[in-house]
Amino acid sequence: MNFKHKFVFLFPGLFVLIGILIFPIIFTIRLSLSGWNSYTPEMNFIGITNYIRLFTDDPRFWESFFRLSFLSVTTVILQYVIGFALAMMVWREIKFKRFFRVIFLVPMMTTPVIMTVIWRTFFHESLGPVNDLLGGLGVKPILWLSDPVIAKFTVIIVEVWQWTPFMFLLLLAGLLSLPKEPFLAAAIDGASPFRKFVYVTFPLMAPISIGAIIIRLIEASKIMDTVFVLTSGGPGTATETSSFYIYIKGLREFQMGYAATLSFTYLVIMIISLTIIAKVLTKLMIKE
Amino acid sequence: MIKLYTFLKYFFITFWTVFVVAPFLWAVSTSFKDFQSVNSKVTYIPWLDFEPTLEGWRVLIKSPAKGGVDIVEPYFNSIFVTCTASLISIVLGTLAAYALSRFTFKAGFVRNNDITFFFISQRIMPPIVLSIPFFIFLSTIGLLDSLLGLVVVYIVLLMPIAVWIMVDFFNRVPKELDETALIDGCNPYQAFYKVVLPNSIPGLIVAGMFCIIFGWIDFFFAFILTFTEVQLLPVKVVALNSSITPWWSLSASALVSVAPLIIVAFIVERYLSKGNLSGALK
């Protein structure tokens, strides 16, 4: 085809995106080399002082990063397992199939912060229904939001509720697009449902699974809304994730320069680790 | 064995359905309560456990001066920002996706896949990383606290989604389709507009729905980049979540704000069952 037409198609989108993003990115890098804070709100140059501070004197950032890794990996694994199970269940004919499909999709259509506000009342320790119903069964009130360990699991529950549907949708769309022949062959060989899943369904779904897991990991690494409303990072710093810590440093304490350092470091770590995860997952799952 | 499996299956489906529906039922019930029935003890069923009132719903349309919440204006703001940003993202994203699917690009070590990855990788960017520079950027060009400023920011959020879905979709539309059109005397733009686009409606619908979902549910940018002039729905609702929370109006406004997109769940399901989605999502 003609040579120059292709640029007419590509360039509007590409340049709009670059145009909007170029300033923020350069600005972040420049800001990370400055000591901009509420006392000296100016773009001075202090070299890599901020980076030294981050790597030698800020355990709170690294703690929040490991917490984020724990939360996002756990939620994504749970979402994958549950999402796959749900997709398998409504893949073939069952009663009220379409009704269940709609129900399973609904949470991802709802605004996370708004649902989290509801969850907050839901898990309220004295006025919420969960502790009340459990109390009816004789269980002592559980400190859903104020116990440092349980609060993490509350965040996980809410995240799983919110985003399992996304996993479910990608996996179900994948299941529905699988070719019929391998399943016929397995049926002729008299394979049990379990063997059929292990040897036919799962390998065929591997590429789709990897795509879905990586997309979810990317989105889960940004977990912020839920934490912001549900626990505000608390109790203490028990549910504080990287994004939330950067938010505190930048927009509450106004250490803009340092927050930019955190942002940039965090972004680099994310890009590297997601690339590695993608490679490892591909190796692990495609080989079988 | 098979019986046990069937039992477990229905048990799990029931359990999950209850789990999905529970917060909605709680919100519906709470939205009809008054101060007494929220704060004395936990109540569930109207008339049986407590006397329902419409107060929580009434304050939604009252102006703030009269002690109301007024979510009507934020509602329209949200609709405007989401739709405008989605539309722009879809148009630009579809064009770019078509180019990436049909032509070969080479610039140094950069190939088609790298450009596609560049688009999609923008989703990796955590909102917080962008929000500080955007704050300063928008205040420099005078778009802070305005609808237009939010649209600009949302394009960054949404275009990657449009490109991601449409590249995959165009890869499945047979190349012969545009080649035939070109032989028949169309120029590349006509081939795209008259032949490829009409065959891509399912993909466009899916991409559109995803853009609308991810635009509608965003909270953080709206929270950082707007204050008083312009308020979007999620910010407005979360603002109710102060220390003394009026749970009834909170629940009512939450239900009103999540309601429109639940229709999207039905549309997605329709496409899923008709088999049109499988090609568009993978």
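Biologist: What angle do H5(A) and H1(B) make when they pack, and how far apart are their axes?

Modeller: This is a predicted model, so take the values as computed from it. H5(A) and H1(B) pack at an angle of about 80°, and their axes are 10 Å apart.

Biologist: And what makes H5(A) roughly perpendicular to H1(B)?

Modeller: The range for that label runs from 65 to 115 degrees. The angle of about 80° falls in that range, so H5(A) counts as roughly perpendicular to H1(B).

Biologist: Which residues meet there?

Modeller: From H5(A) you have A:Met115, A:Ile118, A:Trp119, A:Thr121 and A:Phe122, and from H1(B) come B:Pro23, B:Trp26, B:Ala27 and B:Thr30. By class that contact has seven nonpolar, two polar and no charged residues.

Biologist: What covers the buried residues of H6(A)?

Modeller: The cover includes helix H5 (112-122) of chain A together with helix H1 (2-31) of chain B. The buried residues in question are A:Pro129, A:Val130 and A:Asn131, in a helix that spans residues 129-136.

Biologist: What makes those residues of H6(A) count as buried?

Modeller: The cut-off is 20 or more other C-beta atoms within 10 Å. A:Pro129, A:Val130 and A:Asn131 are listed as buried, so each of them meets that cut-off. After H6(A) comes A:Gly138, with a positive phi near 90°.

Biologist: Now the wider contact: how many residues does it take from chain B and from chain A?

Modeller: It takes 74 from chain B and 73 from chain A. Helix H13 (residues 247-274) of chain B gives the largest share of the chain B side, 15 residues. That side divides into 58 nonpolar, 12 polar and four charged residues.

Biologist: Staying in chain B, why are H4(B) and H10(B) called oblique to each other?

Modeller: They pack at about 140°, with axes 9 Å apart. An angle has to be over 145 degrees to count as roughly antiparallel, and 65 to 115 is the roughly perpendicular range. About 140° fits neither, and it is not under 35 degrees, so H4(B) and H10(B) are oblique.

Biologist: What is the hand of the crossing where H4(B) passes H10(B)?

Modeller: Right-handed. On the H4(B) side the contact residues include B:Ser78, B:Val81, B:Thr82, B:Ala85 and B:Ser89, while the H10(B) side includes B:Leu204, B:Ala207, B:Gly208 and B:Cys211. The residues of this contact divide into eight nonpolar, seven polar and no charged.

Biologist: What makes H8(B) oblique to H9(B)?

Modeller: Much the same argument. The axes of H8 (residues 175-183) and H9 (residues 188-196) of chain B come within 9 Å and cross at roughly 125°. Roughly 125° lies between the perpendicular range, which ends at 115, and the antiparallel cut-off of 145, so H8(B) is oblique to H9(B). This crossing is right-handed. B:Leu177, B:Asp178, B:Ala181 and B:Leu182 of H8(B) make the contact with B:Ala191, B:Val195 and B:Val196 of H9(B). The classes there come to six nonpolar, no polar and one charged.

Biologist: How far apart do the C-alpha centres of domain 1 and domain 2 of chain B lie?

Modeller: They lie 33 Å apart. The contact takes seven residues from domain 1 and six from domain 2 of chain B. H1(B) gives the most to the domain 1 side, with four residues.

Biologist: Where does A:Phe254 sit?

Modeller: In the loop between helix H11 (242-252) and helix H12 (256-287) of chain A. Phi of A:Phe254 is positive, near 55°, in a residue other than glycine.

Biologist: How do you know that A:Phe254 is partly exposed?

Modeller: Count the neighbours: A:Phe254 has 15 other C-beta atoms within 10 Å. Buried needs 20 or more and exposed needs 12 or fewer, so A:Phe254, with 15, is partly exposed.

Biologist: And what makes B:Asp145 partly exposed?

Modeller: The count for B:Asp145 is 16 within 10 Å, in between those two cut-offs, so the label is partly exposed. B:Asp145 is in the loop between helix H6 (127-140) and helix H7 (147-172) of chain B, and its phi is positive, near 60°.

Key: Residues are numbered from 1 along each chain as its sequence is written. Chains are lettered from A and ligands numbered from 1 in the order in which they are written. This is a predicted model: local features need pLDDT of at least 70, side-chain atom pairs count only at pLDDT 80 or more; totals for chains, interfaces and linings use all residues. Helices (H or I, at least four residues) and strands (E, at least two) are DSSP runs, numbered from the N terminus. Two residues are in contact if their C-beta atoms, placed from the backbone, lie within 7 Å. Domain bounds come from an automatic or database domain assignment. Axes are lines fitted to C-alpha atoms, for helices over the stretch in contact, and angles run from 0 to 180 degrees between N-to-C directions. A crossing is left-handed if the near helix is turned anticlockwise from the far one by less than a right angle, and right-handed if clockwise. Ala, Val, Leu, Ile, Met, Phe, Trp, Tyr, Cys and Pro count as nonpolar, Asp, Glu, Lys and Arg as charged, and the others, Gly among them, as polar.
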